[in-house]
Amino acid sequence: MEVIFLGTGTSQGVPMIACDCAVCRSADPRDRRTRTSIHVVMGGRHVQVDAAQEFRLQCLANGIDRIDEFILTHGHADHIAGMDDLRRFCDLRGGTALPVWTTEEGSARVREMFPYAMGEKPQHKGYPAFQPRLLPELLELPEGTIRSTRLHHGSVEVLGLVFEERRSGVKFTYFTDCKSVSPAQRELARGSRVVVLDGLRPEPHPTHMCLPEAIAVAQDIGAPRTFLTHLTHAISHAGDGAQLPRGVAFAHDGLRLKLGRQRGLPRKSRCA
Ligand SMILES: [Zn+2]
Ligand SMILES: [Zn+2]
Ligand SMILES: [Zn+2]
(Lines give C-alpha, C1' and ligand atoms only; values in the text may rest on other atoms or scores of the structure.)
(Ligands and ions follow the chains in the order given, each with its own letter.)
Protein backbone atom coordinates (compact mmCIF):
# COMPACT_ATOMS: atom_id res chain seq x y z
CA MET A 1 0.00 0.00 0.00
CA GLU A 2 1.19 3.48 -0.71
CA VAL A 3 -0.08 6.62 1.00
CA ILE A 4 0.71 10.08 -0.38
CA PHE A 5 -0.07 13.16 1.69
CA LEU A 6 -1.19 15.69 -0.92
CA GLY A 7 -1.95 18.35 1.69
CA THR A 8 -1.63 18.60 5.47
CA GLY A 9 -2.80 22.14 6.28
CA THR A 10 -5.89 23.46 8.01
CA SER A 11 -8.69 25.22 6.11
CA GLN A 12 -6.77 28.52 5.79
CA GLY A 13 -3.56 26.86 4.57
CA VAL A 14 -0.04 27.70 5.81
CA PRO A 15 1.30 30.31 5.32
CA MET A 16 -1.92 32.11 6.09
CA ILE A 17 -2.81 35.25 4.12
CA ALA A 18 -1.43 38.43 5.73
CA CYS A 19 0.40 36.72 8.59
CA ASP A 20 4.05 37.29 9.42
CA CYS A 21 4.44 34.80 12.25
CA ALA A 22 7.59 32.64 12.39
CA VAL A 23 5.89 29.57 10.83
CA CYS A 24 4.29 31.56 8.00
CA ARG A 25 7.75 33.00 7.25
CA SER A 26 9.58 29.68 7.78
CA ALA A 27 12.10 28.53 5.15
CA ASP A 28 11.38 24.86 6.02
CA PRO A 29 9.28 23.44 3.13
CA ARG A 30 7.51 21.19 5.68
CA ASP A 31 5.95 24.34 7.15
CA ARG A 32 4.20 25.09 3.84
CA ARG A 33 0.88 23.29 3.97
CA THR A 34 -1.82 23.07 1.35
CA ARG A 35 -5.28 21.95 2.42
CA THR A 36 -5.69 18.40 3.74
CA SER A 37 -6.02 15.43 1.35
CA ILE A 38 -4.45 12.00 0.76
CA HIS A 39 -4.10 9.56 -2.14
CA VAL A 40 -4.01 5.85 -1.30
CA VAL A 41 -2.86 3.12 -3.69
CA MET A 42 -4.22 -0.19 -2.42
CA GLY A 43 -3.27 -3.26 -4.45
CA GLY A 44 -2.98 -1.05 -7.54
CA ARG A 45 -6.35 0.66 -7.03
CA HIS A 46 -6.13 4.43 -6.67
CA VAL A 47 -8.36 5.97 -4.00
CA GLN A 48 -8.41 9.75 -3.69
CA VAL A 49 -9.65 11.14 -0.36
CA ASP A 50 -10.99 14.72 -0.64
CA ALA A 51 -10.15 17.42 -3.18
CA ALA A 52 -8.85 20.63 -1.63
CA GLN A 53 -8.55 24.07 -3.22
CA GLU A 54 -5.03 23.12 -4.40
CA PHE A 55 -6.07 19.70 -5.78
CA ARG A 56 -4.77 20.34 -9.31
CA LEU A 57 -1.42 21.61 -8.07
CA GLN A 58 -1.20 18.71 -5.62
CA CYS A 59 -1.77 16.20 -8.45
CA LEU A 60 0.96 17.83 -10.54
CA ALA A 61 3.41 17.99 -7.62
CA ASN A 62 2.87 14.34 -6.67
CA GLY A 63 2.48 12.72 -10.10
CA ILE A 64 -1.13 11.59 -9.55
CA ASP A 65 -2.30 10.18 -12.89
CA ARG A 66 -5.19 7.92 -12.01
CA ILE A 67 -8.21 7.82 -9.68
CA ASP A 68 -10.52 4.80 -9.44
CA GLU A 69 -12.58 5.82 -6.39
CA PHE A 70 -13.13 9.23 -4.83
CA ILE A 71 -14.07 9.58 -1.16
CA LEU A 72 -15.40 12.88 0.20
CA THR A 73 -15.04 12.77 4.00
CA HIS A 74 -17.46 15.70 4.47
CA GLY A 75 -18.71 18.79 2.66
CA HIS A 76 -16.47 21.50 4.15
CA ALA A 77 -14.91 23.80 1.57
CA ASP A 78 -11.33 22.71 2.22
CA HIS A 79 -12.27 19.11 1.25
CA ILE A 80 -14.73 19.67 -1.62
CA ALA A 81 -13.63 22.90 -3.35
CA GLY A 82 -11.19 21.21 -5.76
CA MET A 83 -13.63 18.62 -7.08
CA ASP A 84 -14.17 20.36 -10.41
CA ASP A 85 -10.59 19.40 -11.31
CA LEU A 86 -11.56 15.73 -11.09
CA ARG A 87 -12.72 16.36 -14.69
CA ARG A 88 -9.32 15.25 -15.96
CA PHE A 89 -9.72 11.88 -14.26
CA CYS A 90 -13.20 11.46 -15.80
CA ASP A 91 -11.52 12.04 -19.19
CA LEU A 92 -8.82 9.49 -18.38
CA ARG A 93 -11.53 6.94 -17.53
CA GLY A 94 -12.89 7.31 -21.06
CA GLY A 95 -15.51 9.94 -20.25
CA THR A 96 -17.31 8.11 -17.46
CA ALA A 97 -18.50 9.39 -14.07
CA LEU A 98 -16.40 8.98 -10.95
CA PRO A 99 -18.02 7.26 -7.99
CA VAL A 100 -18.10 9.79 -5.12
CA TRP A 101 -18.34 7.89 -1.84
CA THR A 102 -19.56 10.18 0.95
CA THR A 103 -22.18 10.94 3.64
CA GLU A 104 -25.70 12.37 3.26
CA GLU A 105 -24.29 15.84 4.02
CA GLY A 106 -21.42 15.38 1.56
CA SER A 107 -23.76 14.17 -1.17
CA ALA A 108 -26.08 17.17 -0.70
CA ARG A 109 -23.11 19.56 -0.92
CA VAL A 110 -21.80 17.92 -4.10
CA ARG A 111 -25.23 18.31 -5.75
CA GLU A 112 -25.47 21.98 -4.65
CA MET A 113 -21.98 22.93 -5.78
CA PHE A 114 -21.66 20.87 -8.96
CA PRO A 115 -25.16 20.57 -10.51
CA TYR A 116 -23.53 20.43 -13.96
CA ALA A 117 -21.60 17.29 -13.00
CA MET A 118 -24.45 14.99 -12.03
CA GLY A 119 -24.93 11.93 -14.21
CA GLU A 120 -23.33 8.85 -15.67
CA LYS A 121 -21.33 10.78 -18.24
CA PRO A 122 -19.94 14.34 -18.50
CA GLN A 123 -22.48 16.73 -20.06
CA HIS A 124 -19.76 17.88 -22.47
CA LYS A 125 -16.35 16.47 -23.24
CA GLY A 126 -13.90 17.63 -20.58
CA TYR A 127 -16.58 18.26 -17.94
CA PRO A 128 -16.58 16.38 -14.65
CA ALA A 129 -19.26 13.77 -13.85
CA PHE A 130 -20.02 12.50 -10.37
CA GLN A 131 -22.17 9.73 -8.99
CA PRO A 132 -22.59 10.35 -5.24
CA ARG A 133 -23.05 7.18 -3.19
CA LEU A 134 -23.28 6.67 0.56
CA LEU A 135 -20.09 4.97 1.75
CA PRO A 136 -21.16 1.79 3.57
CA GLU A 137 -19.50 0.69 6.82
CA LEU A 138 -17.67 -1.93 4.75
CA LEU A 139 -16.74 -1.34 1.13
CA GLU A 140 -15.34 -4.49 -0.47
CA LEU A 141 -13.04 -3.91 -3.43
CA PRO A 142 -11.10 -6.61 -5.29
CA GLU A 143 -7.83 -5.21 -3.89
CA GLY A 144 -8.95 -4.81 -0.28
CA THR A 145 -11.55 -3.31 2.01
CA ILE A 146 -12.38 0.18 3.25
CA ARG A 147 -14.22 0.35 6.57
CA SER A 148 -15.80 3.64 7.53
CA THR A 149 -17.05 5.27 10.70
CA ARG A 150 -18.69 8.64 11.42
CA LEU A 151 -16.40 10.97 13.38
CA HIS A 152 -17.68 13.97 15.41
CA HIS A 153 -16.71 17.36 13.94
CA GLY A 154 -19.04 20.04 15.34
CA SER A 155 -22.39 19.87 13.55
CA VAL A 156 -21.00 17.66 10.77
CA GLU A 157 -20.20 13.95 10.58
CA VAL A 158 -16.89 13.07 8.94
CA LEU A 159 -15.97 9.74 7.38
CA GLY A 160 -13.13 8.06 9.26
CA LEU A 161 -11.49 5.45 7.01
CA VAL A 162 -9.68 2.16 7.66
CA PHE A 163 -8.02 0.60 4.59
CA GLU A 164 -6.93 -3.05 4.56
CA GLU A 165 -5.02 -4.34 1.54
CA ARG A 166 -5.85 -7.92 0.64
CA ARG A 167 -2.49 -9.19 -0.62
CA SER A 168 -0.31 -7.71 2.15
CA GLY A 169 -2.77 -7.60 5.04
CA VAL A 170 -1.55 -4.05 5.73
CA LYS A 171 -4.03 -1.85 7.59
CA PHE A 172 -4.02 1.97 7.49
CA THR A 173 -6.30 4.41 9.34
CA TYR A 174 -7.17 7.98 8.31
CA PHE A 175 -9.16 10.09 10.82
CA THR A 176 -9.06 13.76 9.73
CA ASP A 177 -11.36 16.57 10.90
CA CYS A 178 -12.58 15.21 14.23
CA LYS A 179 -13.08 16.46 17.77
CA SER A 180 -12.95 12.99 19.31
CA VAL A 181 -12.38 9.30 18.55
CA SER A 182 -14.72 6.95 20.43
CA PRO A 183 -13.58 3.69 22.07
CA ALA A 184 -15.27 1.71 19.24
CA GLN A 185 -13.46 3.84 16.63
CA ARG A 186 -10.12 3.29 18.37
CA GLU A 187 -10.84 -0.44 18.29
CA LEU A 188 -11.54 -0.23 14.55
CA ALA A 189 -8.11 1.41 14.06
CA ARG A 190 -6.20 -1.13 16.17
CA GLY A 191 -3.71 -3.23 14.24
CA SER A 192 -2.99 -0.42 11.79
CA ARG A 193 0.59 -0.04 10.63
CA VAL A 194 0.04 3.72 10.42
CA VAL A 195 -2.69 5.93 11.87
CA VAL A 196 -3.32 9.52 10.72
CA LEU A 197 -5.13 11.84 13.13
CA ASP A 198 -6.39 15.42 13.14
CA GLY A 199 -3.91 17.34 15.34
CA LEU A 200 -4.83 20.92 14.52
CA ARG A 201 -2.76 23.03 16.95
CA PRO A 202 -1.48 23.07 20.54
CA GLU A 203 -4.52 24.96 21.91
CA PRO A 204 -7.98 23.36 22.18
CA HIS A 205 -10.53 23.98 19.41
CA PRO A 206 -14.31 23.32 19.44
CA THR A 207 -14.39 20.99 16.41
CA HIS A 208 -10.84 19.61 15.95
CA MET A 209 -8.52 17.65 18.24
CA CYS A 210 -5.62 19.71 19.59
CA LEU A 211 -2.16 18.18 20.05
CA PRO A 212 -2.68 16.81 23.60
CA GLU A 213 -6.01 15.23 22.54
CA ALA A 214 -4.54 13.70 19.38
CA ILE A 215 -1.49 12.37 21.23
CA ALA A 216 -3.71 10.71 23.86
CA VAL A 217 -5.74 8.99 21.10
CA ALA A 218 -2.54 7.94 19.28
CA GLN A 219 -1.11 6.38 22.42
CA ASP A 220 -4.35 4.56 23.19
CA ILE A 221 -4.59 3.09 19.67
CA GLY A 222 -0.90 2.20 19.92
CA ALA A 223 0.05 1.99 16.22
CA PRO A 224 3.80 1.80 15.48
CA ARG A 225 3.55 5.16 13.72
CA THR A 226 1.01 7.99 13.96
CA PHE A 227 1.05 11.09 11.77
CA LEU A 228 -0.83 14.29 12.65
CA THR A 229 -2.46 16.34 9.90
CA HIS A 230 -4.78 19.36 9.29
CA LEU A 231 -2.15 21.57 10.95
CA THR A 232 -2.31 25.33 11.50
CA HIS A 233 0.46 27.92 11.54
CA ALA A 234 0.66 27.43 15.32
CA ILE A 235 2.74 24.31 14.59
CA SER A 236 6.40 24.45 13.57
CA HIS A 237 7.33 21.15 11.92
CA ALA A 238 10.84 20.97 13.35
CA GLY A 239 10.36 22.88 16.60
CA ASP A 240 7.11 21.31 17.81
CA GLY A 241 7.95 18.00 16.12
CA ALA A 242 10.91 17.54 18.47
CA GLN A 243 8.51 17.63 21.45
CA LEU A 244 6.24 14.84 20.17
CA PRO A 245 6.36 11.44 21.89
CA ARG A 246 8.04 8.45 20.22
CA GLY A 247 6.03 7.07 17.30
CA VAL A 248 4.11 10.32 16.73
CA ALA A 249 5.15 12.83 14.03
CA PHE A 250 3.70 15.63 11.95
CA ALA A 251 2.81 14.76 8.38
CA HIS A 252 3.91 17.18 5.67
CA ASP A 253 2.88 17.85 2.08
CA GLY A 254 4.43 15.33 -0.31
CA LEU A 255 5.19 12.73 2.39
CA ARG A 256 4.96 9.22 0.87
CA LEU A 257 4.62 6.06 2.92
CA LYS A 258 5.22 2.62 1.41
CA LEU A 259 3.55 0.06 3.65
CA GLY A 260 4.45 -3.51 2.69
CA ARG A 261 4.27 -6.87 4.36
CA GLN A 262 6.97 -7.06 7.05
CA ARG A 263 9.84 -9.21 5.82
CA GLY A 264 10.57 -12.51 7.51
CA LEU A 265 7.24 -12.69 9.29
CA PRO A 266 4.39 -14.81 8.06
CA ARG A 267 1.13 -12.87 7.91
CA LYS A 268 -0.53 -14.52 10.87
CA SER A 269 2.26 -14.02 13.41
CA ARG A 270 2.53 -10.30 12.95
CA CYS A 271 1.37 -8.32 15.92
CA ALA A 272 0.88 -4.94 14.24
ZN1 LIG B 1 1.15 32.71 10.62
ZN1 LIG C 1 -14.05 20.07 8.33
ZN1 LIG D 1 -10.90 20.39 7.03
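In the predicted model, the count of salt bridges, defined as a side-chain nitrogen of Lys or Arg within 4 Å of a carboxyl oxygen of Asp or Glu, comes to 18. Because the model is predicted, local features need pLDDT of at least 70 and side-chain atom pairs count only at pLDDT 80 or more, whereas totals for chains, interfaces and linings use all residues. Residues are numbered from 1 along each chain as its sequence is written, chains are lettered from A and ligands numbered from 1 in the order in which they are written, and side-chain values use heavy atoms, with hydrogens and water left out.

One of these salt bridges joins the side chains of Glu2 and Lys258, at 3.9 Å from N to O. Glu2 belongs to strand β1 and Lys258 to strand β14 (residues 256-258), so the pair ties together parts that are 256 residues apart in sequence; strands (E, at least two residues) and helices (H or I, at least four) are DSSP runs numbered from the N terminus. Glu2 counts as buried at 16% relative accessibility, while Lys258, at 68%, counts as exposed, where buried means under 20% relative accessible area, exposed over 50% and partly exposed in between, with a 1.4 Å probe and protein chains only. Asp28 and Arg30 meet in a salt bridge of 2.9 Å, N to O, with Asp28 buried at 19% and Arg30 partly exposed at 32%. In the salt bridge between Arg33 and Asp31 the closest N and O atoms are 3.1 Å apart; Arg33 is buried at 2% relative accessibility, and Asp31 is buried at 4%. Salt bridges that share partners also join Arg186, Glu187, Arg190 and Asp220 into one network.

The zinc ion (ligand 2) has as protein donors His74 (NE2), His76 (ND1), His153 (NE2) and Asp177 (OD), at 2.2 to 2.4 Å; donors are N, O and S atoms within 2.8 Å of the metal (3.2 Å for Na, K and Ca), and since water is not among the atoms, sites may look incomplete. The 4 donor atoms subtend angles of 91 to 172°, which makes the arrangement irregular. Four donors count as tetrahedral if all angles lie between 85 and 135 degrees; four count as square planar and six as octahedral if opposite donors are over 155 degrees apart and all others between 65 and 115, anything else being irregular.

The protein donors of the zinc ion (ligand 3) are Asp78 (OD), His79 (NE2), Asp177 (OD) and His230 (NE2), which lie 2.1 to 2.3 Å from the metal, and the angles of 92 to 165° again give an irregular arrangement. Asp177 bridges the two zinc ions, which lie 3.4 Å apart. Asp177 lies in the loop between β10 and α5 and His230 in the loop between β12 (225-229) and α7 (237-241), so this pair ties together parts that are 53 residues apart in sequence. Asp177 and His230 are each buried at 1% relative accessible area, whereas His76 is partly exposed at 27%.

The largest nonpolar core, a set of buried Ala, Val, Leu, Ile, Met, Phe, Trp, Tyr and Cys residues joined through side-chain atoms within 4.5 Å, comprises 27 residues, of which Phe5, Val40, Ile71, Ile146, Phe163 and Phe172 touch the most other members. A second, separate core of 23 residues includes Val195, Leu211, Ile215 and Phe250.
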